[in-house]
Amino acid sequence: MKIIPLFLMGCGGVGRQLLQHIISCRSLHSNLGVHLRVVGVSDSKSLVIASDVKQKELDDNILAEVCRVKSDGSPLSKLTSLGESQVFSSPESRTKVVDIASILGKSTGLALVDCTASSETIGVLKEGVDLGCCIVMANKKPLTSTLEDYDKLVSHPRRIRHESTVGAGLPVISSINRIISSGDPIHRIVGSLSGTLGYVMSEVEDGKPLSQVVKSAKSLGYTEPDPRDDLSGMDVARKALILARLLGRRIDLGSIRIESLYPEEMGPNKMSVEDFLNGGLVKLDNNIEERVKKASLNGNVLRYVCMIEGSRCDVGIEELPKNSALGRLRGSDNVLEVYSRCYSEQPLVIQGAGAGNDTTAAGVLADILDIQDLFT
């Protein structure tokens, strides 16, 4: 049986779903000859670790309790029935994670799994790299930090997986890596990489006002509590930056042209969520309606996409042919078109559910299993 020790950072929706996947897949993984030994779990304020990280683990009852406590919005310090396991609070948490990495990194190996949405994990991840750990990420912020941070994190390509930073469970990163390693130069990537904005743009195409569509998306749970977090385009820009850097572009977020769907005067610092939803949003309807009509006259549709071509890396609304993969996109699916020498006339198209805790956690789990050959 191959044992993969792992430490999970982040117990939000994705982190909890990952723990549930690990529990439910025990029989499947046993048949595959693999066991995921969870030695610790942390949130932003505390962590729980096995009493002996070299030999023991947090059993499935404790993992289920972690999911229950975090679902209630409580910190890990509220855990009960821990047996011999231990709970530590900040500021000890970071030190303990590094200690575990130093104990296991170059002996049994350790997968440091980042399911947070924070830049505060960057320091721990970088130390983990130096200590011989494998890094698995759903968190986009470490890979969109400075080039110095990025270079450190990707310095051992066999020991890093981050499929879920771009397309949740879709094979985006692995497909691009395969093309690159084959010597087939990629010259253009166009993608709709936000389930929220994909839904919004396909709905306004049907003649619905932007304000109505955004409110519907919020009620369906497609948007963040403040929809401007999606409408700003920053999430798509981070995904575009990860792809651009994968292609060898030495750029940062400041190099990307980002089109926000709302003006600066409606930003979070100047307008409350309620005022934006009840008064500001409707003022954006006419502009989008006119752009939709203009695109239709040209036989095109509007999609919110990332565009990477040559030195260009843009994020925003583009007119695209109705009969293209992106033009046919409906609902909250993600679509990516990759153009290279081999895929010149007909691009490689990757399409499917690109959002949601379940799908993202499944992608993280697949990434963990993908590095199993590095463990004894």
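Student: Leaving out residues up to four places away in sequence, which residues does Thr116 touch?
Tutor: Keep in mind that we are looking at a predicted model. Thr116 sits in the loop between β5 (111-114) and α5 (122-130). Setting aside residues up to four places away in sequence, the residues that Thr116 touches are Met9, Gly10, Thr121 and Asn139.

Student: Which backbone atom does the side chain of Thr116 reach?
Tutor: Here we turn to polar contacts, where N or O atoms pair within 3.5 Å. At 3.3 Å, the side chain of Thr116 reaches the backbone nitrogen of Ser118.

Student: Which residue shares the UniProt annotation "binding site" with Thr116, and what is the largest C-alpha distance?
Tutor: The annotation comes from an unreviewed UniProt entry and covers Thr116 and Lys140. They are spread over 25 residues of sequence, yet they cluster in space, with a largest C-alpha distance of 9.0 Å.

Student: Is Lys140 buried or exposed?
Tutor: Lys140 is found in the loop between β6 (134-137) and α6 (147-153). Not counting residues up to four places away in sequence, Lys140 touches Thr165, Asp235, Arg238, Lys239 and Ile242. Its relative accessible area is 17%, and the cut-off for buried is under 20%, so Lys140 is buried.

Student: What is the relative accessible area of Thr165?
Tutor: Thr165 has its place in helix α7 (residues 164-167). Beyond its neighbours within four places in sequence, Thr165 is in contact with Met137, Ala138, Asn139, Lys140, Leu143, Lys239 and Ile242. The side chain of Thr165 also reaches the backbone oxygen of His162 at 2.7 Å. Thr165 is buried, and its relative accessible area is 0%.

Student: Where else does UniProt place the feature "binding site", and which of those residues touches Thr116?
Tutor: The unreviewed UniProt entry places the feature at Gly10, Cys11, Gly12, Gly13, Val14 and Gly15. One of them, Gly10, lies in the loop between β1 (2-9) and α1 (13-24) and counts as buried at 8% relative accessibility. Not counting residues up to four places away in sequence, Gly15, Ser42, Cys115 and Thr116 are touched by Gly10.

Student: Which residues does Val14 touch, not counting residues up to four places away in sequence?
Tutor: Val14 is found in helix α1. With 16% relative accessibility, Val14 counts as buried. Outside the residues up to four places away in sequence, Val14 touches Cys115, Asn357, Thr360 and Ala361.

Student: Let's turn to the sheet. Which are the edge strands?
Tutor: The open sheet has 6 strands in the order β9-β11-β10-β8-β12-β13, with mixed pairing. Each edge strand pairs on one side only, and these strands are β9 (257-258) and β13 (348-353).

Student: In β11, what is the bridge partner of Arg257?
Tutor: Strand β9 is joined to strand β11 (residues 312-321) by 2 bridges, and the two run parallel. In β11, Arg257 has as its bridge partner Asp314.

Student: At about what angle does helix α9 run to β10?
Tutor: Helix α9 (residues 195-204) lies across β8 (186-192), β10 (300-309), β11 and β12 (333-340). Relative to β10, helix α9 runs at about 150°.

Student: How many aromatic pairs are there, and what is the angle between the planes of Tyr199 and Tyr222?
Tutor: The count comes to 2 aromatic pairs. Tyr199 and Tyr222 form an edge-to-face pair, 5.0 Å centre to centre, with an angle between the planes of 75°.

Student: Why does the pair of Tyr199 and Tyr222 tie together parts that are apart in sequence?
Tutor: Tyr199 lies in helix α9, while Tyr222 lies in the loop between α10 (210-219) and α11 (228-231), so the parts tied together are 23 residues apart in sequence. Tyr199 counts as buried at 11% relative accessibility, whereas Tyr222, at 36%, counts as partly exposed.

Student: Why is the pair of Tyr262 and Phe276 edge-to-face?
Tutor: The ring centres of Tyr262 and Phe276 are 5.9 Å apart. Their planes are at 70°, and planes over 60 degrees apart count as edge-to-face, so the pair is edge-to-face.

Student: Which residues does Ser332 touch, not counting residues up to four places away in sequence?
Tutor: Ser332 lies in the loop between β11 and β12 and counts as partly exposed at 28% relative accessibility. With residues up to four places away in sequence left out, Ser332 touches Gly195, Tyr199 and Tyr222.

Note on methods:
Residues are numbered from 1 along each chain as its sequence is written. This is a predicted model: local features need pLDDT of at least 70, side-chain atom pairs count only at pLDDT 80 or more; totals for chains, interfaces and linings use all residues. Side-chain values use heavy atoms; hydrogens and water are left out. UniProt positions are given in the numbering used here, feature names are shortened, and annotations may be inferred rather than shown by experiment. Helices (H or I, at least four residues) and strands (E, at least two) are DSSP runs, numbered from the N terminus. Contact means heavy atoms within 4.5 Å. A polar contact is a pair of N or O atoms within 3.5 Å; within protein, one must be able to donate a hydrogen and the other to accept it, and residues adjacent in sequence count only if both atoms are side-chain atoms. Buried means under 20% relative accessible area, exposed over 50%, partly exposed in between (1.4 Å probe, protein chains only). Two strands pair if DSSP finds at least two bridges between them. Axes are lines fitted to C-alpha atoms, for helices over the stretch in contact, and angles run from 0 to 180 degrees between N-to-C directions. Rings of Phe, Tyr and Trp (its six-membered ring) pair if their centres lie within 6.5 Å; planes under 30 degrees apart count as stacked, over 60 as edge-to-face and the rest as tilted.
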